[in-house]
Amino acid sequence: MAFLKVLAQRIGYAVVLLIAVLVLNFTMINLAPGDVVDTIAADMGGANAELMAQIRAEYGLDQPVIVQLGRYIGRVLQFDLGYSYFYNRPVTELIFERLPATLLLVFSAQIFALVLGILLGVFAAQKPNGLFSHIVTLFALFGYAAPVFWTGILLLIAFSLKIPLFPVAGMRDVTIEGGFFPQALSIAHHLVLPMLTLGSIFIALYSRLCRASMLEVLGSDYVRTAKAKGLRPRDVVMKHALKNALPPVVTLAGLQFSAVISGAVLVETVFSWPGLGQLALTSILARDTPTILGILFFSALVVIVGNLLTDFVLRMIDPRVRGRG
Amino acid sequence: MTSPLLSVENLRIELAARAGMVPVVDDLSIYLNAGETLSVVGESGSGKSMTALAVMGLLPSIGHIADGRILFEGRDMTQMDDASLRAIRGNQISMIFQEPMTSLNPVYTVGEQIAEVLRLHKGLSHQDAWSRAIELLDAVRIPDVQRRAKAYPHEMSGGQRQRVMIAMALACRPKILIADEPTTALDVTVQAEIFELMRELARETRAATILITHDMGVVAEMADRVVVMYRGEKVEDGQAEAVIRHPQHPYTQTLIASVPHLTTEAAPTGIKAAPDAEDPLLSVRDLTVQFPVKKRFGKREMFTAVNGISFDVRRGKTLAIVGESGSGKTTAALAVARLVDAQTGQVTLDGTDMLGLEGEALRRARAKVQVIFQDPYSSLNPRLRAGDIVREPLDNLGTLPASEREDRIAELFDKVGLHPDQMRLFPHQFSGGQRQRISIARALSTNPSLIICDEAVSALDVVIQAQILDLLQDLQRDLNLTYLFISHDLGVVQQVCDEIAVMYMGDIVEFGDRQTIFSKPSQAYTRNLLAAVPTIERARNVSSAAP
């Protein structure tokens, strides 16, 4: 009951937040000089002012900004994100075509980074000044410092060209016939390198934080109690310490959702991953305002859902959070 | 005579420090017979907790056993492998720790934490372990056990958490129970209940108990035998009765002297100024402090911490406010100092209406009320030098010319028994007692008319405690200071105060001079509070009354 109340409250906040994001996005895009008509005119090889005004009137771009904003919000609330002048297709259709690919990449990279980061952090905390701990630190800082496109290209050269373990680009092998499993296997095969690339940035953050958090927890009184019970070291660490060390890591992971999405834009470009990132890049170059707004809207949605998830994972882990609203 | 259950022989424990290996326990030999209660007494740093941890095989990673043997039922535990030790830990020897607030894992239910031990050592199924855990919680008198077993530690009070720890420790019917200052963090009435429970359960399970404490009153009430430790060595041992009657070592004598007698023989303290009851320094009328607790249906519910209390503090005297945690004593004092906001009431300090002050006037008035807080470890800014800590109020008020401030700080250092050379040091370079001296110097720097001591000596060892209390009394005499002394420790209160206000659930239930409160308390609550304090006399009466 309390859970449902909190859930309803959080979803309420999320809706308000989304509308604020809509207004902000729309305003910022309209503050930038130039619009899609400039691009169309350029594609046509030039046009006179009269024709351009006509095209603007056709798209409703001659109206005051506030009217455009009102219409836009009204349409979005009906799940209509507008029409891409550049692709000549409804934006919703464009996005839904590519959203699953991005979601797959973002969530798998996030989960991969969390699992590996937490494991590395836990092991590093066992001997905080041991060799393993130093290797983890070095490895993590390398992943964090290296630009993601560079890591991506490096992995491509290593594991697609020199040792051809993984495909170079794309999301699935178009020549594969058959049911769900061969298809899924092909996608998983394509996913490995992009996921590693995107995850590598975040492993550093999560493992460092998990190590610090574990060190603190391992010194606590209740860990001493667990040892005094006669528990095996493995149970002391994995049952009694880890669950207490997780909240800061999970909180950080939630805050990093937006960074994962912006990282995904670069990774998708490097690996020709057919997701929102690629779409974003082309539509920005084309000044395709409705598509950009649509992508921004969905990115915000993913970040908000990610944070909601984080919130509920935290409530699952720590009973002390449950008492609060 | 049969061989003892546990014997520690020539134990030497060393800790790694910057200067190399430092012994914290040296050549210690103690033994424990089946079914008896042995008390290990000493101040912090005497090595008593380290000895207990060594028996459990739980020394911190910087410590190790350099020499000696620990024989449990004839087997040397220092030579055992990890698996054999784990089979003993929590099963045949178990331990209760000092801090009930942090010793339970916050993310598991208390029932689960008890059931876990039973599954581990007794091989019980999940279901059997759970029902046994409930029986154990019932045995330590947790009310409504079926429901409370599913509670998390943060949903329980300190006393209840310590009961859970006891249930956990006794779950496998251990042969030895080690209790490391199990009640230091608890109120005196709760302490009495916990001891009662420990005595009863130890008798029932026939477990031998090692009780670590610094309180000879507790020893008198609980122990069969006692070992006194001082700086890592055993300085005295014997039957508890004999040691208390004829302490040999000076340290033991100091410990016994620090136990409250709760009699009226001690001479009144404070200066004998002319009675000026007509003109009290501090006058508090109908003070009420409330805190918002929870929003329910958008409505804020208020918790009343202080419920319309009134009292006076006379010039040059000490008023003690005593009570258990949650009684509102600290809140009331902080409201007087304007550190928490009062809802209603009147606080008049030296003719000034304290509650009416705002902004700059309030900042100026703060010079008149200074507070010495409980924890000398966390109430001093670790990044400031000791001299700067004392200097800050002077800079802030600016009443003293800048050129004279340095001399004033040196004078204050001298007054509280510190050397002016120590002004350059940082708080972590001082001991707990010295830090509390810095706090006192800081409080004195503004020439306050009222000093609030909020459990100012509770975190200190008894010997240090006595020194600080002496200092406070000397200063009171020399500077004609007035103290509002907040404490839960009736022994301390008896040493310093002239008058006492007993608080319970936000109300003052009894007010009177010290003699009256200690010898003829009129309220049942005050009587309970006094009865809960472990004293040597009472233990003696009980033991002599027994056949």
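Which residue forms a salt bridge with Lys48(B)? I began my notebook with this question, and in this predicted model I found the partner to be Glu181(B), with the closest N and O atoms 3.3 Å apart. I then looked up where the two residues sit, and the pair turned out to link distant parts of the chain, since Lys48(B) lies in helix α1 of chain B while Glu181(B) lies in the loop between β7 (176-180) and α7 (188-205) of chain B, 133 residues away. For accessibility I noted 5% for Lys48(B), which is therefore under the 20% limit and counts as buried. Glu181(B), at 8% relative accessibility, counts as buried too.

**Entry: other salt bridges within a chain**

I next asked how many salt bridges the rule gives over all chains, and the count comes to 38. I picked out two of them to set beside the pair above.

In chain A, I found Glu97(A) in a salt bridge with Arg89(A), where the closest N and O atoms are 2.5 Å apart. Glu97(A) is partly exposed, with a relative accessible area of 45%, and Arg89(A) is also classed as partly exposed, at 26%.

In chain B, I looked at Arg199(B) and Glu196(B), whose side chains meet in a salt bridge at 3.9 Å, N to O. Both residues belong to helix α7 of chain B, and because they are three residues apart there, about one helical turn separates them. I recorded Arg199(B) as partly exposed at 31% relative accessibility, and Glu196(B) as partly exposed at 41%.

**Entry: where chain B meets chain A**

I then turned to the interface, where 26 residues of chain B are in contact with 20 residues of chain A. The area buried between the two chains is about 2,200 Å², and carbon and sulfur atoms give 59% of that area. Arg86(B), Val107(B) and Glu116(B) supply 25% of the area that chain B buries against chain A, which is more than any other three residues supply.

Which residue of chain B forms a salt bridge with Lys239(A)? I found Glu112(B) there, with the closest N and O atoms 2.6 Å apart. The count between chain B and chain A is three salt bridges, and I also noted a network of salt bridges that links Lys229(A), Lys239(A), Glu112(B), Glu116(B) and Arg119(B).

For polar contacts across the interface of chain B and chain A, the rule finds 13 residue pairs, both residues being at pLDDT 80 or more. On the side of chain B that touches chain A, the helices α1 (48-56), α3 (110-122) and α6 (158-170) of chain B each supply at least two residues. The largest share of that side, seven residues, comes from α3(B). By class, I listed 13 nonpolar, seven polar and six charged residues on the side of chain B that touches chain A.

**Entry: Gln160(B)**

Is Gln160(B) buried or exposed? I found Gln160(B) in helix α6 of chain B, and its relative accessible area is 17%, so Gln160(B) is buried. Leaving aside the neighbours within four places in sequence, I found Gln160(B) in contact with Ile142(B), Pro143(B) and Arg148(B). With Arg148(B), the side chain of Gln160(B) is joined by a polar contact of 3.4 Å. I also checked Arg141(B), which stands 19 residues from Gln160(B) in sequence and 8.8 Å from Gln160(B) in space, C-alpha to C-alpha.

**Entry: strands of chain B**

I closed with the strands, beginning with an open sheet of four strands in chain B, whose order is β2-β1-β4-β5 and whose pairing is antiparallel. The edge strands are β2 (20-32) and β5 (75-76) of chain B, each of which pairs on one side only. Within this sheet I followed β1 (residues 6-17) and β4 (residues 63-72) of chain B, which run antiparallel and are joined by eight bridges. Opposite Leu15(B), I found Gly63(B) in β4(B).

Further along, two bridges join β14 (residues 344-349) to β15 (residues 352-353) of chain B, and these strands run antiparallel. The bridge partner of Thr348(B) in β15(B) is Asp353(B). I noted that β14(B) and β15(B) form a hairpin with two residues between them, and that Asp350(B) in the turn has a positive phi of about 55°.

Key: Residues numbered from 1 in each chain as written. Chains lettered and ligands numbered in written order. Predicted model: local features only at pLDDT ≥ 70, side-chain atom pairs only at ≥ 80, totals over all residues. Heavy atoms only, no water. Contact = heavy atoms within 4.5 Å. Buried area = accessible area lost by both parts, 1.4 Å probe. Salt bridge = Lys/Arg side-chain N within 4 Å of Asp/Glu carboxyl O. Polar contact = N/O pair within 3.5 Å; in protein donor to acceptor, adjacent residues only side chain to side chain. Nonpolar A, V, L, I, M, F, W, Y, C, P; charged D, E, K, R; others polar. Pairing = 2+ DSSP bridges. Buried < 20%, exposed > 50% of the residue type's maximum accessible area, 1.4 Å probe, protein only.
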